[in-house]
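Biologist: Please take me through one part of this model closely: the packing. Which parts meet, and what does each contact consist of?

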Amino acid sequence: MRTNIPEKLLKIVEEIDDRGSASLTRMTVLKKWFEHPERLSAFAIWIATTAVSRKGKTSSAAAELFRKARTLMAGLDKLHPKLDRQAARVLHDWLREFQNEYHNQRWGPVRIVHNWNLMLVEHGLAIYLWHLDSPAHGYKLAADYCQHYDSRYGNGLSSSSRTKIEEIVRFMFTIEALEEGPE
């Protein structure tokens, strides 16, 4: 079913181009799109798959987690990804344990994340396994995927975010086309 949500995301890209940044909360429009549980599960696995395909230097332990995630998510259907739930739970637990360091701050404990892409995989698997009825979790995953710190604007959507927002838009168009089926 075709929606106007992708166009609203493209307006965020225009705002970034015009002003240099946009608020992360602008992406809350995704919550409506995620009201279809099928979409949320497809998005969560797409983000996880995209995160494990990113290049970068990693420790040997992180490299092994990336390999396990790539193996688990290889060859999945875009619209209806079907993961081995037990293997997904095991991988989620390994990912969680790998980055299970907290530092106490004035306002409470803060999780230390050494590898952002592994955290995205962890959160994508958590949505797939336990939160398919929560569009808010999908919005948070999208915001985590797109946000970048820029000292001029703080945390939010900056010029580095625009490509990721456009990737999400392409994903949404693909899913909407698959939902409509063959003409």
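Modeller: An angle over 145 degrees between two axes counts as roughly antiparallel. Keep in mind that this is a predicted model. Two packed helices are described by the angle between their axes and the distance between the axes.

Start with helix α4, residues 60-72, and helix α5, residues 85-98. Their axes come within 11 Å and cross at roughly 160°. That angle is over 145, so α4 and α5 count as roughly antiparallel to each other. The crossing of this pair, α4 and α5, is left-handed. On the α4 side, the contact is made by Ala61, Ala62, Leu65, Lys68, Ala69 and Leu72. From α5 come Ala87, Ala88, Leu91, Trp94, Leu95 and Phe98. By class, the contact of α4 with α5 holds 11 nonpolar residues, no polar ones and one charged residue. Lysine counts as charged, and Lys68 is on the α4 side of this contact.

Arg67 is also found in α4. With a relative accessible area of 40%, Arg67 is partly exposed, because that label covers values from 20% to 50%. Now a long-range pair. Arg67 and Thr174 are 107 residues apart in sequence. Their C-alpha atoms are 26 Å apart in space.

Next, α3 and α6. Helix α3 covers 37-53, and helix α6 covers residues 116-130. Their axes come within 8 Å and cross at roughly 160°. Here, too, the cut-off applies: α3 and α6 are therefore roughly antiparallel to each other. The crossing of α3 and α6 is left-handed. Look at the residues that meet. α3 brings Leu40, Ser41, Ala44, Ile45, Ile47, Ala48, Ala51 and Val52. α6 brings Asn117, Leu120, Val121, Gly124, Leu125, Ile127 and Tyr128. Sorted by class, the contact of α3 with α6 has 12 nonpolar, three polar and no charged residues.

Stay in α6 for three side chains. Tyr128 has its place in this helix. Its relative accessibility is 6%, so Tyr128 counts as buried. Leave aside neighbours within four places in sequence, and Tyr128 is in contact with Ser41, Ala44, Ile45, Pro81, Lys82, Leu83 and Arg85. Among them, Ser41, Ala44 and Ile45 belong to the α3 side of the contact with α6. Tyr128 and Leu141 are 13 residues apart along the chain, and 12 Å separates their C-alpha atoms.

Glu122 lies in α6 as well. Glu122 is buried, because its relative accessible area of 2% falls under 20%. Apart from neighbours within four places in sequence, Glu122 is in contact with His92, Leu95, Arg96 and Arg111. Leu95 is one of the α5 residues in the contact with α4.

Trp130 is the third residue, again in α6. Its relative accessible area is 43%, so Trp130 is partly exposed. Neighbours within four places aside, Trp130 is in contact with Arg89 and His92. His92 is thus shared, since Glu122 contacts His92 and Trp130 contacts His92. Trp130 and Ala62 are 68 residues apart in sequence and 24 Å apart, C-alpha to C-alpha.

The third helix pair is α7, residues 135-146, with α8, residues 162-180. They pack at an angle of about 140°, and their axes are 8 Å apart. That angle is not over 145, so α7 and α8 are oblique to each other. Ala142, Tyr145 and Cys146 in α7 meet Lys164, Ile165, Glu167 and Ile168 in α8. This contact of α7 with α8 divides into five nonpolar, no polar and two charged residues.

Ile168 leads on to the core. Up to four places away in sequence is not counted; beyond that, Ile168 touches Leu9, Met27, Phe43, Trp46, Ala142, Tyr145 and Cys146. The largest nonpolar core has 53 residues. Met27 and Ile168 have the most contacts inside it. The elements giving two or more residues to this core are α1 (5-19), α2 (30-33), α3 (37-53), α4, α5, α6, α7 and α8. α3 gives the most, with 10 residues.

Terms used
Residues numbered from 1 in each chain as written. Predicted model: local features only at pLDDT ≥ 70, side-chain atom pairs only at ≥ 80, totals over all residues. Heavy atoms only, no water. Axes fitted to C-alpha atoms, helices over the stretch in contact; angles between N-to-C directions. Helix = DSSP H or I, 4+ residues; strand = E, 2+ residues; numbered from the N terminus. Parallel < 35°, antiparallel > 145°, perpendicular 65-115°, else oblique. Left-handed = near helix turned anticlockwise from the far one by under 90°. Contact = heavy atoms within 4.5 Å. Buried < 20%, exposed > 50% of the residue type's maximum accessible area, 1.4 Å probe, protein only. Core = buried A, V, L, I, M, F, W, Y, C linked by side-chain atoms within 4.5 Å.
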